[in-house]
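Here is a friendly walk through one protein model, meant to be read with the structure open beside you. Take a moment to turn it around before going on.

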Amino acid sequence: MVIINQQIPLVVVLVAVVGGGGGCPFANGGGGIGFGVYGNFPKLNESTSREIPKGGMLYGEYLHIDKLLSCQEPVTRLVGNEVHDEHLFIITHQAYELWFKQILFEIDSVREIMNKRVKDEANLLKITSRLNRVVLILKLLVDQVTILETMTPLDFMEFRGFLSPASGFQSVQFRLLENKLGIRNDLRTNYGKNYYLKIFEDPNVIDIIKKSEDEHSLCELLQIWLEQTPGLDSPEFNFWERYKLVVNEMLEQLRTSAEMETDETLKHNGLDEYNRKLELFDSIFDVSKHNALKSRGDRRFTHKALQGALMISLYRDEPRFNLPFQILLLLMDIDSLITKWRSNHVEMVLRMIGAHQFGTGGSSGYHYLRSTLSDRYKVFVDLFNLSTFLIPRHCIPPLTVAMKKRLSMMDDSTIIKDSTTIKIEKQQQQQQQQNENNLNDVDDTLQSKINGKTFEL
Ligand code: HEM
């Protein structure tokens, strides 16, 4: 992967070719084109001031087509021995960078909305549709790799020698995307951890990247939002306590039925399963265990944000949780698609340069890129892992009437009730009150068991 600086003077190219790389397809580091990485990086999102002519603008003027189409300068043309496929190589990278720009534009706008903590539904719809747009762009980007794969390794070899030290590793927008989504720097693999910022020379670029590290990432903003999920621990509904009770009951049933098993193997397997599940659920019930996993990078969300995400996933059918649930799905799609892009890219790298050549950016190439496929590079890994903690629909603690109303799109005045509905509601309220009382009783018993250390789990 390469990004060619269009402002590289021909004389520099000639010096590089004659004096160092010499066009050798195996040339790597040192002998390549010696331009500073991103010497002239444009200020992102900075618009140029131009005047709209009286008669309006023509297509070419509006889109700066002249500028756009003069940005493809194969380095092999500059040295007088043009290689056909270099054109495709350049266009592909430029197309990626343009789409990266659009993705960043959407992600920034979503971050801005979430930062304001505005909770009205219109904003949720905006977030959903913009994230959906990002998903569609990413799908396109995943597939685009195949077009570049029409170039054979032999064709690539003809100009690869000219590319060093330029590398996709220096794609500022890609780093911004990672940081703005929320990849944790301490989880990057070794090559990336310290090096990823060091390679940039332009102070403007360094500032932009540093800023993206310091600002709230989408992942952080999501957590702040999830922590405010209605009903998490509000007086009208305490989701976490109710969920814990149900899970504990389910675990208890699992243990009892395993213990009652007469066949020794089945009993052993049953108890094994019980212990495994117990440990798993313990890791979300026990905050210190959750935090230990978080500091190791195995979990990213705060304990409360995880609860919010779980609540939304379980009560997704409630109208007010529909969009939040869609948002969680879209974020998982974004994570999956970036991993798919990484995977397609690494497969292409294997095909083009094999597993034993260094990248033009100086990494181990294939092996470095393979390491970025791990979960350490997944931002919303907790959302994927939520499935482990889902419980069957019939076990989901029923919502209180107040909570049901809160999650409904309609308020009382818009609901036209017939006499039967009113009767049912009354019964539900009574039943709910009864459940509340039972819940308090169970809570007390549970607490006294814990205090008395007779808690069997
Ligand atoms: C022939 C095609 C390509 C080859 C052989 C190739 C090779 C590589 C290699 C070896 C690296 C590791 C860094 C290094 O040492 O250079 C890399 C990184 C990268 N490449 Fe490519 N690449 C190709 C096409 C592309 C395309 C089309 C893009 C689109 C923008 C791209 C974007 C990137 C990015 C963003 C990274 C950094 C990934 C990371 O650090 O996680 N590459 N590429």
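Two residues are in contact if their C-beta atoms, placed from the backbone, lie within 7 Å. With that in mind, Leu-218 is a good place to begin: setting aside neighbours within four places in sequence, Leu-218 is in contact with Ile-107, Val-110, Arg-111, Lys-180, Leu-181 and Gly-182.

## The overall picture

Please keep in mind that this is a predicted model. The protein has 20 helices and 0 strands. Of its 457 residues, 25% count as buried. Among contacts with a separation of 6 or more, 75% are between residues 24 or more positions apart.

## The nonpolar cores

The largest nonpolar core holds 47 residues, and those touching the most other members are Leu-131, Leu-181, Leu-218, Ala-309, Leu-331 and Ile-334. Which elements give two or more residues to this core? They are α5, α6 (121-148), α8, α11, α12 (239-260), α15 and α16.

Another core, of 11 residues, lies apart from this one, and its members include Met-151, Val-349, Ile-353 and Leu-369.

## Helix α8, mostly covered

Helix α8 spans residues 172-181, and 8 of its 10 residues are buried. The buried set is Val-172, Arg-175, Leu-176, Leu-177, Glu-178, Asn-179, Lys-180 and Leu-181. Two of the names in that set, Lys-180 and Leu-181, are also found in the contact list of Leu-218.

Just after α8 comes Gly-182, with a positive phi near 125 degrees. Gly-182 is also one of the contacts of Leu-218.

## Where α15 meets α16

Helix α15 (residues 303-314) packs against helix α16 (residues 319-353) at an angle of about 115 degrees, and their axes are 9 Å apart. The crossing is left-handed. On the α15 side, the residues are Ala-309, Ile-312 and Ser-313, and they meet Phe-321, Pro-324, Phe-325 and Leu-328 in α16. By type, the residues of this contact divide into 6 nonpolar, 1 polar and no charged.

Ala-309 is worth a second look: besides its place in this contact, Ala-309 is listed among the residues of the largest core that touch the most other members.

## One side of α7

Which residues of helix α7 (residues 153-160) are buried? They are Phe-156, Phe-159 and Arg-160. These residues lie on the same side of α7 because they cover an arc of only 105 degrees around the axis. What covers them includes α4, α5 and α16.

## Two residues, two settings

Is Asn-81 buried or exposed? Asn-81 is in the loop between α4 (75-78) and α5 (86-115). It has 12 other C-beta atoms within 10 Å, so Asn-81 is exposed. Asn-81 and Phe-159 are 78 residues apart in sequence, yet their C-alpha atoms are 9.8 Å apart in space. Phe-159 itself is one of the buried residues of α7.

Gln-223 sits in helix α11 (residues 218-226). Gln-223 counts as buried because it has 21 C-beta neighbours inside 10 Å, and the cut-off for a buried residue is 20 or more. Beyond residues up to four places away in sequence, Gln-223 touches Phe-301, Thr-302 and Ala-305. For Thr-302, which is 79 residues from Gln-223 along the chain, the C-alpha atoms of the pair are separated by 7.0 Å.

Definitions and conventions. Residues are numbered from 1 along each chain as its sequence is written. This is a predicted model: local features need pLDDT of at least 70, side-chain atom pairs count only at pLDDT 80 or more; totals for chains, interfaces and linings use all residues. Axes are lines fitted to C-alpha atoms, for helices over the stretch in contact, and angles run from 0 to 180 degrees between N-to-C directions. Helices (H or I, at least four residues) and strands (E, at least two) are DSSP runs, numbered from the N terminus. A crossing is left-handed if the near helix is turned anticlockwise from the far one by less than a right angle, and right-handed if clockwise. Ala, Val, Leu, Ile, Met, Phe, Trp, Tyr, Cys and Pro count as nonpolar, Asp, Glu, Lys and Arg as charged, and the others, Gly among them, as polar. A nonpolar core is a set of buried Ala, Val, Leu, Ile, Met, Phe, Trp, Tyr and Cys residues joined through C-beta atoms within 7 Å. The arc is that of the directions from the helix axis to the C-beta atoms.
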